[in-house]
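Visitor: I'd like a quick tour of this one. Can you start with the ground rules and then take my questions?

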Amino acid sequence: MRWINISCIFCLAMNLGCHKESADLIVFNGEIYTVNNRGDVAGAMVVRSGLVVEVGSESALKSKYHAAEEIDLHGKYVFPGFIDPHCHFFHYGLSMRQADLTGSVSQEEIGSRLQTHIKSRPASWVLGRGWDQNDWKDKQFPHKEFLDALFPDVPVYLARVDGHAAWVNSRALKLAHIHAGMTIEGGEIITDSHGATGILIDNAMSLVEKLIPSPTREEKIQALIRSQKDCFSVGLTTVGDAGLDRDMVTLMDSLQKNERLNMRIYAMLNPTPENISYFITHGVYRTDRLSVRSVKLYADGALGSRGALLKKEYSDDPGNRGIQLTPTGFLNEICRMAFSNGYQVNTHCIGDSAVSLILRLYAGIIPEHNDLRWRIEHAQVVDTIDLPLFGQYAIIPSIQTTHATSDMYWAEDRLGAERIAHAYAYRTLLAQNGWLANGSDFPVESINPLYGFYAAVARKDLKGFPQQGYRKQESLTRLQALQAMTIWAAKACFEEKDKGSLESGKFADFVVLGQDIMKAEEDSIPEIKVLETYVGGKKM
Ligand SMILES: [Zn+2]
């Protein structure tokens, strides 16, 4: 319940000097998890000009401040606004124009979802995303023939759930002039005895993707606003958007400045010549809501589509060691350029060979025990011999705990019993520097950060499987899981002085929950709802 504090307005109006400091907002009568160093839980919090002024007991704060607005929490729980340090905020919004194929259990289901989608949105291309052959009976990559029967004349482009493979029809292959025997660096065109099958891996995807009509400026704006709405509904107040270009970053900046976009964004740049000359060589760009100081690189592909770069061949695909997406020389050049301009480097590494390559490449550029916070994104399979480099060079694992519980059904097929012991090893990774960042990589996984919290703690998926947790020895404690999506996530974006905890001087970004994620029965965590989300003390 909220009301305007009439007595204090009276005080002010009559200039009676009530000896209280004025404030905009006081929230009280709840449990406020500050996530400060001491792990304090407070009863009340005062906000002024978008910042936290003080956190403490209700009686102390109410006798010290008069606030224009008061919110009685009625015993509910407050946490710092959640931070997703690695996701695809813009692409999530944009993907709403595509057919959602996530969770489909057969090709037939995909066919019917596509038919329904194009009925509601006829377009010159049929676009979809989210299929995963591991969810189907035969677990085999699909074939263009299935799509050709449904769509003989319209090009079809369907991205795999991980965004590292595409399933296209013959029309799309023809438009892109793709034929059997063609090769592409950092990618693969899968073929059989009749030619290209319609499966394109990693860099080969762009041959077709670049032909898809790009969204208009208004469609981009709508995508951002849609994404923001969904993020606020699950308590996200900052997102690290992994892989943006100059025009998108400047669009975000202008929408934030005219208050259409309230989401705080940590923008990771693609390593394009335009991004380098416009942003990177000019140093860090920072506003209250936007931070541009990092570059996103790709070392390899993904495990599900066998594009992850492994030291030894795939256990279920003899002779295949995956794909290095970006040549080492170019990675090295970008890392050196970032280092000399004070930029952070965040590199996608899934396979043990990719992790090893990038750790050693970073180590050749940055000093030991630095505070540069260069990150390895995903860090899914890490050879024990490479592990100490994380600590030695203060390289931060930027993980997604839901990847463990999504991939657990088939990851051992790809890796075998020995390597799986060094995969999704989040507790081991945490131990290297004493902290790490946990995100979702949405839309690869669900946008809901509480699913990541649950996966970190319980190592179970949303079906509660497996009952004992998947390799539970690699779980995080609830406190660690909370820090990984608040204060540590902020630190991974150089923003721990402004956000990630509720302390004096920080942004008043916070969420109100109906249940306490720190004490609730473990399997009830995914059901817990974010009731309200505040950014800078304003309800979103
Ligand atoms: Zn990603």
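Guide: Sure. Helices (H or I, at least four residues) and strands (E, at least two) are DSSP runs, numbered from the N terminus. Bear in mind that this is a predicted model.

Visitor: With that in hand, in which loop is A394 found?
Guide: Look at what flanks A394: α13 covers 388-392 and β20 covers 396-399. That puts A394 in the loop between α13 and β20.

Visitor: And what is phi of A394 near?
Guide: A394 is a residue other than glycine, yet its phi is positive. It is also buried, with a relative accessible area of 13%. As for the angle, phi of A394 is near 50°.

Visitor: Is R459 buried or exposed?
Guide: R459 lies in the loop between α17 and α18, and it has a positive phi of about 55° although it isn't a glycine. Buried means under 20% relative accessible area. R459 comes in at 2%, so it counts as buried.

Visitor: Which residues coordinate the zinc ion?
Guide: In sequence the donors follow the spacing H-x1-H-x352-D. H86 and H88 are both buried. The distances run from 2.1 to 2.2 Å, and the donors are H86 (NE2), H88 (NE2) and D441 (OD).

Visitor: Where is P443 found?
Guide: The peptide bond from F442 to P443 is cis, with omega near 10°. P443 itself is in the loop between β21 (437-438) and α17 (449-458).

Visitor: What is omega near for the peptide bond from F465 to P466?
Guide: P466 has its place in the loop between α17 and α18 (478-484). The bond leading into P466 from F465 is cis, with omega near -15°.

Definitions and conventions
Residues numbered from 1 in each chain as written. Predicted model: local features only at pLDDT ≥ 70, side-chain atom pairs only at ≥ 80, totals over all residues. Heavy atoms only, no water. Donors = N, O, S within 2.8 Å, 3.2 Å for Na, K, Ca; no water. Buried < 20%, exposed > 50% of the residue type's maximum accessible area, 1.4 Å probe, protein only.
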